[in-house]
Structures are given as C-alpha cells and as structure tokens.
Amino acid sequence: MTKLVSPKTLCVYKDEHRSATLKFLNMIDVTAVKNANEVTIDLSEVVYATAAATVLLFAIVNRAQLLVQVQSRIRFKFPKKEDNPDGHRWIVTTGLSNALVANTQKKLDGLVADKRYYQSAVEPFDHWLRTVMTLQEKALLNPDAFALMSSALNEAMLNVSYHAYEDDSFSSQIEVLGGKRWWQCSWYSKEKNAVVFIICDLGLGIHRSFGPVIDASGTIGESTTVEVALSSGHSRYLNAGRGNGSEDIKRPIGSGCAESESLLVLTGHARYRYNSSDGQPTCEWLSENIPGTLIEWSLVPRRGEDD
C-alpha cells in the first residue's frame with residue numbers, strides 16, 4: 001500500500017502552489033493506474049483547497065477508479081473536524097469527499113440525483129438541463145441572464161463531446177469510462193451574487209485538438225494555439241453559445257443582464273484569462289502541464305430592485 005500525502009494547499013491558480021499540486025495528482029495516476037498499486041490518498045492535513053484544483057483531483061481519482069475497476073485500490077484519509085476544521089470545511093463540507101468515493105457509475109449517478117456540487121457525466125444535453133435547473137433554483141436569474149448561463153454551460157459540455165477525446169488512443173478508455181466523460185463543480189454564491197461553473201476533461205487539451213499554431217518566433221507555442229482557438233471566429237472551441245469565440249463575452253455586459261463575467265481556461269502549458277471588467281484576454285505559457293482542459297466560468301448577474 002502506497003501512501004500519498006497531499007500538499008497542505010491544493011491550488012492550480014497560483015504559481016507557488018501549482019507545481020506541488022500537479023505533482024501530487026500525477027502521482028495518484030502513476031501509482032493507481034500505471035503501477036497498479038493500492039494507494040491511500042491522505043488529505044487529512046489539507047488546510048486550503050481551491051475549486052479548480054479539487055475538480056482536477058476528482059477527475060484524476062475518478063478516472064483511475066473507473067479504469068482499474070478495483071474498489072479497494074484507492075482509499076482515503078479525510079480531515080477530521082476536531083483536528084483540522086479548515087481542511088474539513090474544504091474537503092468534507094463541500095461534498096468533495098463524497099465525490100472522491102463515488103467509484104462506480106451508480107455512485108456517480110447518486111451525486112447527480114442528490115444535486116451535489118461535484119458531478120460527472122457523459123451526456124451533454126441531459127446533464128446540461130439538470131445543471132442549469134439546479135443552479136437556477138438558487139440563483140433565480142432573470143430570463144436574459146438565464147439564457148446566458150444556459151448557453152455557456154451547453155457550449156462547455158458540448159466541447160468535451162466534440163473535441164476532447166478525438167484521438168484513437170482514447171477509444172478503449174472511453175469504453176471503460178462509459179463515454180466521453182467530464183467532471184464538474186457548480187454553485188451559486190448568494191454572498192457574492194455569482195454563478196460559478198467549472199468543468200474539466202482529461203482529453204487531448206486545446207493545443208493538440210485545435211492543431212498547432214506557428215507563433216512569431218517560428219515555433220509552435222501552446223499559449224499561441226490556445227489564444228487563437230479561443231479568439232473571435234474560432235467558435236468551435238469556446239464561445240459560450242454566442243458564435244464568435246470568447247471575445248464575444250463582452251457583448252452581454254452591454255445587454256444589461258450581467259455585472260461581470262469571467263473565464264479561466266487551463267490546458268496543457270497554457271493559461272487563458274478573461275474578465276469583462278478589463279475586456280482584454282490574456283494567454284500565457286505555464287511551466288507545468290495541466291492534463292486535458294479545465295474551464296472556469298463565472299457570472300455576476302445584474303439585479304433589479306425586485307430581484
């Protein structure tokens with residue numbers, strides 16, 4: 001039995017934590033799947049876990065569980081409330097611990113039925129409908145904001161089906177995973193008046209699925225590829241349902257239904273960020289490699305006096 005101890009901070013947003021977090025996730029994959037060893041994942045000392053990192057952890061663990069099909073292969077040590085209240089809040093109270101032990105299709109279906117924050121699915125239309133309706137129960141968006149949320153989530157889920165696993169090397173894995181699987185976390189924060197949706201797949205990544213782009217230096221840059229793929233006119237990658245790539249995120253701000261909208265894409269060695277408050281997308285190269293593609297989208301709807 002191999003014991004893997006988590007870093008105290010699980011985070012892929014900040015440079016100082018990303019490397020340790022991704023190494024930890026990779027070790028889970030190597031130990032459980034490639035080396036076929038039993039593993040105990042020790043999360044008992046975690047004091048802070050950010051949303052994107054926990055979705056990636058869920059994805060890596062759940063894929064391993066479904067691939068190895070041995071329920072005892074991966075075990076966990078979770079934070080106890082009396083010993084580590086902060087860690088307990090991030091790992092247990094959020095429902096992440098429930099998601100991490102959902103090692104069968106039936107248990108994954110249970111996460112959806114119970115309307116948990118963390119879920120996994122393979123059917124875009126069915127799951128899109130469930131997700132937007134669950135969010136709307138809490139967010140109570142007006143029709144314009146609801147339409148914006150619906151189209152953004154629909155596009156993100158369809159991207160997994162259309163692009164993430166379009167390579168013969170994934171065919172046997174897709175069969176075992178029950179389809180072109182993604183993992184997600186979504187919620188409405190009343191305090192921040194924000195809808196947040198995070199989705200990740202463990203597929204090709206945008207750089208490989210879009211096709212390389214030659215940058216100014218004559219080399220094939222991942223950040224260049226991702227920037228082109230997500231820019232106006234390349235809507236087959238991420239257009240939040242509006243037809244012209246992520247630059248069209250600016251449009252709803254003027255339409256009156258949103259105070260702000262932000263987008264983060266982590267894929268391969270690239271990080272793409274857009275926030276409607278400054279209106280300028282940025283895409284930069286990261287030294288670490290993010291498996292597949294992770295998208296985090298948030299919407300702060302404009303509220304009227306009656307809302």
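**N193 and its hairpin.** I began with N193, which in this predicted model sits in the loop between β7 and β8. Its phi is positive, about 50°, although the residue is not a glycine. I noted this down because most residues other than glycine have a negative phi. The loop belongs to the hairpin of β7 and β8, in which four residues lie between the strands. I then asked myself whether N193 is buried or exposed. With a relative accessible area of 16%, N193 is buried, because the cut-off for that class is under 20%.

**The strands around β7.** From the loop I moved to the strands, and found that β7 (residues 182-189) and β8 (residues 194-201) pair in the antiparallel sense over seven bridges, with S186 standing opposite F197 in β8. I also looked up strand β6 (residues 118-121), which runs antiparallel to β7 and is joined to it by four bridges; here S120 stands opposite W183 in β7. I next checked how enclosed β7 is, and seven of its eight residues turned out to be buried, so the strand is largely enclosed by the rest of the structure.

**K115.** I looked at K115 as another residue with a positive phi, about 55°, and it too is not a glycine. K115 lies in the loop between α5 (105-113) and β6. At 43% relative accessibility I count K115 as partly exposed, because that class lies between the limits of 20% and 50%.

**V12.** I turned next to the loop between β2 (9-10) and α1 (15-34), where V12 lies. V12 is buried, with a relative accessible area of 0%. Which residues does V12 touch, once its neighbours within four places in sequence are left aside? I listed R18, T21, L22, T50, A52, A53, L56 and L266 as its contacts. I also recorded a long separation in sequence: V12 and E288 are 276 residues apart along the chain, yet their C-alpha atoms are 9.8 Å apart in space.

**The nonpolar core.** I then looked for the largest nonpolar core, which has 86 residues, and wrote down those with the most contacts inside it, namely F24, I28, I41, L43, L57, L153 and W297. Helix α2 (residues 51-68) supplies the largest share of this core, twelve residues. I followed F24 further and, leaving aside its neighbours within four places in sequence, found it in contact with L4, V5, S6, P7, L10, I41, L43 and L57.

**A patch on the surface.** On the outside I noted a nonpolar patch formed by F125, L129 and M133, with about 290 Å² of accessible area together. F125 is found in helix α6 (residues 124-139), and I count F125 as exposed because its relative accessibility is 52%, where the limit is over 50%.

**The protein as a whole.** Last, I collected the totals, beginning with eleven helices and ten strands in the protein. Of the 307 residues, 55% are buried. The accessible surface comes to about 13900 Å², and carbon and sulfur atoms account for 50% of that area. Among contacts with a separation of 6 or more, I noted that 65% are between residues 24 or more positions apart.

How values were computed. Residues are numbered from 1 along each chain as its sequence is written. This is a predicted model: local features need pLDDT of at least 70, side-chain atom pairs count only at pLDDT 80 or more; totals for chains, interfaces and linings use all residues. Side-chain values use heavy atoms; hydrogens and water are left out. A nonpolar core is a set of buried Ala, Val, Leu, Ile, Met, Phe, Trp, Tyr and Cys residues joined through side-chain atoms within 4.5 Å. Buried means under 20% relative accessible area, exposed over 50%, partly exposed in between (1.4 Å probe, protein chains only). Helices (H or I, at least four residues) and strands (E, at least two) are DSSP runs, numbered from the N terminus. Contact means heavy atoms within 4.5 Å. Patches are made of residues with over 30% relative accessible area and no salt bridge: like charges are joined within 9 Å, nonpolar side chains (Val, Leu, Ile, Met, Phe, Trp, Tyr) within 5 Å. Accessible areas come from the Shrake-Rupley method with a 1.4 Å probe; for residues, only the protein chains shown count as cover. A salt bridge is a side-chain nitrogen of Lys or Arg within 4 Å of a carboxyl oxygen of Asp or Glu. Two strands pair if DSSP finds at least two bridges between them.
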